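Here are some notes for a colleague who is meeting this structure for the first time. They are meant to be read beside the sequence and the model.

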Amino acid sequence: MDEHRMGLQPILRRVWAKRGQRPIVIVRPRYEWLYVYGFVRPETGETSFWVTDSVNTETMSAILGAFARERASASGAEVDLVLDQAGWHTSGHLAVPEGLSLIYLPSHSPELQPSEHLWPLLDEVIANRVPEDLAELEAWVSRRCVEVSEDLARVRRLTLFSWWPGADPP
């Protein structure tokens, strides 16, 4: 589980252009943001996404509750959730629902977090594009979250590390 900030700041990527011509990309930097909370099960490639307007302990508690109702309650089994040590993850005020167990990664180790590998997939939808406002950005991101959720094989390939429990040995 992890969060990702997406906003009206442009994400510029390389593009093809005719030899001798420079590609033109319209940029209108604005400082408004959405946050995507992403959960991934590397063994299967299953994902769950929530798009919100904030990232804090209160929002995290609500997202964990929704996730627990969606996933943990359905199977009835305990769910181990691997996450980094962001302040709102380790806060004493974080409400962790029954059925969820939090496992923290070492500090400053985003490469160990499977859900970190989802963010480039979501960024593709806004690369070299300029949304008019947060509503348009939310529509783009929401559609992209659905597309990524349906591509189980790609998600599994990006997030199932060789050392992850349940991974096939090399």
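1. How many residues lie between S2 and S3 in their hairpin, and which residue in the turn has a positive phi? There are four residues between the two strands, and the residue in question is Gly-45, whose phi is about 85 degrees. Please keep in mind throughout that this is a predicted model.

2. The two strands of that hairpin, S2 and S3 (residues 46-52), are paired in the antiparallel sense over seven bridges. One point at which to look for this pairing is Val-40, whose bridge partner in S3 is Thr-47. On the other pairing of S2, strand S1 (residues 2-7) runs antiparallel to S2 and is joined to it by six bridges; here Gly-7 has Trp-33 of S2 as its bridge partner.

3. Taken together, these strands make an open sheet of three, in the order S1-S2-S3 and with antiparallel pairing. Because S1 and S3 stand at the edges and each has a single partner strand, one side of each is left without a neighbour in the sheet. Neighbouring strands are turned against each other by 25 degrees on average, if direction is ignored.

4. Strand S2 (residues 33-41) deserves a separate remark, since seven of its nine residues are buried, and the strand is thus mostly covered. Helix H4 lies across S1, S2 and S3, and runs at about 170 degrees to S3.

5. Turning to charged side chains, the structure holds five salt bridges. As a general matter, side chains of opposite charge can pair when their charged atoms come close. One of the five joins Arg-41 to Glu-43, with the closest N and O atoms 3.6 Å apart. Arg-41 has a relative accessible area of 47% and is therefore partly exposed, and Glu-43, at 28% relative accessibility, also counts as partly exposed.

6. Another salt bridge is formed by Arg-144 with Glu-124, where the closest N and O atoms are 2.8 Å apart. Since Arg-144 lies in helix H4 (residues 134-150) and Glu-124 in the loop between helix H3 (119-123) and H4, the pair ties together parts that are 20 residues apart in sequence. The two partners are unlike in their cover: Arg-144 is buried, with a relative accessible area of 13%, whereas Glu-124 is partly exposed at 36% relative accessibility.

7. Arg-144 also forms a salt bridge with Glu-147, the closest N and O atoms here being 2.9 Å apart. These two residues are three apart in helix H4, so about one helical turn separates them. Glu-147 is partly exposed, with a relative accessible area of 43%. Through salt bridges that share partners, Glu-124, Arg-144, Glu-147 and Arg-154 are joined into one network, and a reader may find it useful to view these four residues together.

Terms used: Residues numbered from 1 in each chain as written. Predicted model: local features only at pLDDT ≥ 70, side-chain atom pairs only at ≥ 80, totals over all residues. Heavy atoms only, no water. Buried < 20%, exposed > 50% of the residue type's maximum accessible area, 1.4 Å probe, protein only. Pairing = 2+ DSSP bridges. Axes fitted to C-alpha atoms, helices over the stretch in contact; angles between N-to-C directions. Contact = heavy atoms within 4.5 Å.
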